Amino acid sequence: MINESNKERRYDFIVVGAGAAGSVLAAELSASGAQVLIVESGGPDDAPTIANPSIWFYNVGGPLDYHLPVVPSPRLNNRKFNMALGHVLGGGASINAMVWIRGTQADYDGWAENGAKGWAFADVLPVFKSQEDWEGGANEWRGAGGPIHIRRPKDPHPTAPAFLDAAREMGMPILDDVNGPMRAGAGYINMNIAADGARVSAAGAFLRPALSRPNLTLLLNSQVVRLNFKGARCIGVKLMIDGAVKDIAADKEVIVAAGAINSPKLLMLSGLGEAKALRSFGIDVVENLPGVGENLQDHVLVSGVVFKYKGKMPDRPADSNAVEAEAYLSSSPSGDTDISLVLHQLPVVTPEVAERYGTPPPDTFTIAPALVQPTSRGSVRLASDQFQDAAVIDGNYLGTDHDFEAIVRAIEVARELGNQHGFDNLRESELIPGPKATAEEIRELARLASASFGHAVGTCKMGVDKLAVVDPELRVHGILGLRVADASVMPRIITGPGTSASAHMVAGRAAKLILG
């Protein structure tokens with residue numbers, strides 16, 4: 001698994017982080033023959049909870065999760081909760097649900113219109129297609145033969161077709177493929193699950209096959225503590241490995257792919273960020289980049305609107321996510337798609353909801369509302385100048401009136417959906433918030449049940465404005481030999497309950513930009 005064949009201390013490229021983006025990047029760069037080092041602070045991805053799709057949720061909050069605390073948000077009653085982030089080879093692509101959602105065409109066209117030239121939907125679609133092996137075969141929207149097998153549920157749990165019947169009753173379009181074309185409506189979730197029923201992670205699909213190349217070196221359980229500079233050029237990294245610090249040189253480029261929390265943290269620790277804030281920690285300023293750590297966006301998940309199943313609920317298929325159907329819609333009659341409903345074939349509630357309503361029994365299903373186009377923006381800041389200290393994450397969840405009203409509307413729509421005739425044969429009753437819930441109780445549920453969906457983006461945003469951290473080629477403004485290529489560069493979050501597919505795409509496009 002670990003290829004340490006290149007014992008040199010020099011490489012052409014050093015990739016920091018072996019999550020979804022880093023795994024794709026290292027594989028693509030090494031295919032050119034370049035000497036590539038990829039460094040991952042987590043361990044190997046050999047836990048059974050990674051391979052088996054039906055038990056992925058045991059990873060969240062466990063040893064494979066950074067599980068970082070989030071600054072309490074006033075709109076969420078200042079509750080304490082954590083953000084799930086993969087701390088293992090493959091990152092979030094190894095621990096999260098296998099939901100493969102690209103977002104909408106408008107997401108990427110919006111990036112391009114706002115300064116990320118070359119990232120319009122027409123530019124990124126070929127990358128999405130090249131990475132996919134879609135079960136339905138190639139068409140104008142989908143690719144076949146790529147490393148990531150993507151399919152719909154083979155043998156859906158009874159709640160999934162009921163969800164679609166209920167959506168149809170409410171007048172929602174029923175989509176045969178939610179990613180082709182990407183638009184409002186309801187459909188079975190696309191899942192990156194292999195034909196044999198195992199998870200297809202970025203590490204498994206891209207990185208592991210590439211490790212047979214002698215020019216690719218993977219280091220696990222190793223921490224990049226600083227980027228090294230000579231003037232305005234990044235010349236390598238300072239690495240903590242087995243308790244010792246080593247300097248490792250990159251002759252061409254360092255590419256930071258540590259995710260939307262740890263990428264800005266590493267940049268700031270290395271002297272790239274808002275100058276005054278860096279100096280307050282005694283950090284020497286290499287480049288004043290006030291946008292580093294700003295523009296944090298995350299989807300908001302409500303856990304949840306829960307229904308009692310009639311009798312004993314059938315077991316979930318072992319090759320399924322426990323998340324098999326979804327719907328996308330607008331919270332207002334005239335607006336863009338901004339909310340989503342995600343079917344969970346299990347009870348999903350926050351501790352505060354369990355305290356208020358009681359812990360739901362096992363034979364229940366959840367229609368989890370989500371805000372997938374928040375207008376609120378948060379930030380990532382340093383706690384100190386020490387790399388061991390977690391970053392300070394302020395999600396500012398539901399920080400705008402618009403976001404709060406949108407999530408309240410999403411809860412109302414989830415209840416409406418669960419009470420359609422389509423569920424009559426399966427649903428015994430609405431447990432949470434319950435059939436007699438008042439308007440104020442719905443608003444209180446929004447405050448008690450909303451939390452991070454674990455889809456942080458935007459903290460090293462791409463563009464040309466004063467808060468942009470990287471240019472449209474993903475080069476850090478003002479610095480040579482350094483790029484960022486992960487979810488942190490997304491100027492605006494994508495519409496849909498997942499950012500994994502778009503992170504894979506960013507890395508695939510980055511590899512093409514780097515290699516010319």
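Student: Let's start with helix α8. How many residues of helix α8 are buried?

Tutor: Buried means under 20% relative accessible area, exposed is over 50%, and partly exposed is in between (1.4 Å probe, protein chains only). In helix α8, residues 259-269, 11 of the 11 residues are buried, so the helix is largely enclosed by the rest of the structure. Among them are Asn 262, Ser 263 and Lys 265, alongside Ile 261, Leu 266 and Met 268. Helices (H or I, at least four residues) and strands (E, at least two) are DSSP runs, numbered from the N terminus.

Student: What should I keep in mind about where these values come from?

Tutor: This is a predicted model, where local features need pLDDT of at least 70 and side-chain atom pairs count only at pLDDT 80 or more, while totals for chains, interfaces and linings use all residues. Residues are numbered from 1 along each chain as its sequence is written, and side-chain values use heavy atoms, with hydrogens and water left out.

Student: OK, on to the backbone. Which phi and omega values should catch my eye?

Tutor: Most residues other than glycine have a negative phi, and most peptide bonds are trans. Here, Asn 295 has a phi near 65°, which is positive in a residue other than glycine. You'll find Asn 295 in the loop between β13 (287-288) and β14 (300-302). Asn 396 isn't a glycine either, and its phi is about 50°; that one lies in the loop between β20 (392-394) and α11 (401-418). A glycine turns up too: just after α8, Gly 271 takes a positive phi of about 95°.

Student: Is Asn 295 buried or exposed?

Tutor: Asn 295 is buried, with a relative accessible area of 15%. Asn 396, at 27% relative accessibility, counts as partly exposed.

Student: And where are the cis peptide bonds?

Tutor: One joins Gly 180 and Pro 181, with omega about -5°, and Pro 181 sits in the loop between α6 (159-169) and β7 (185-188). Another runs from Ile 432 to Pro 433, with omega near 5°. Pro 433 is in the loop between β21 (427-432) and α12 (439-449).

Student: Now the rings. How many aromatic pairs does a search of the whole structure find?

Tutor: The search finds 10 aromatic pairs. Take Tyr 108 and Trp 111, which meet edge-to-face at 5.0 Å centre to centre with 70° between the planes. For the rule, rings of Phe, Tyr and Trp (its six-membered ring) pair if their centres lie within 6.5 Å; planes under 30 degrees apart count as stacked, over 60 as edge-to-face and the rest as tilted. Both residues lie in helix α4 (residues 105-113), three residues apart, about one turn of the helix. Tyr 108 is buried at 0% relative accessible area, and Trp 111 is buried at 2%.

Another edge-to-face pair is Tyr 309 with Phe 365, at 6.5 Å centre to centre and 85° between the planes. Tyr 309 is in strand β15 (residues 305-309) and Phe 365 in strand β18 (residues 364-371), so the pair ties together parts that are 56 residues apart in sequence. Tyr 309 is buried at 6%, as is Phe 365 at 0%.

Student: Which residues form one aromatic cluster?

Tutor: Tyr 108 and Trp 111 again, joined by Trp 119 and Phe 128.

Student: Which residue lies over the face of Trp 134?

Tutor: A charge sits over a ring if NZ of Lys or CZ of Arg is within 6 Å of the ring centre and within 35 degrees of the ring normal. Over Trp 134 you'll see Arg 142, at 4.0 Å from the ring centre. Arg 356 lies over the face of Tyr 357, at 4.5 Å from the ring centre.
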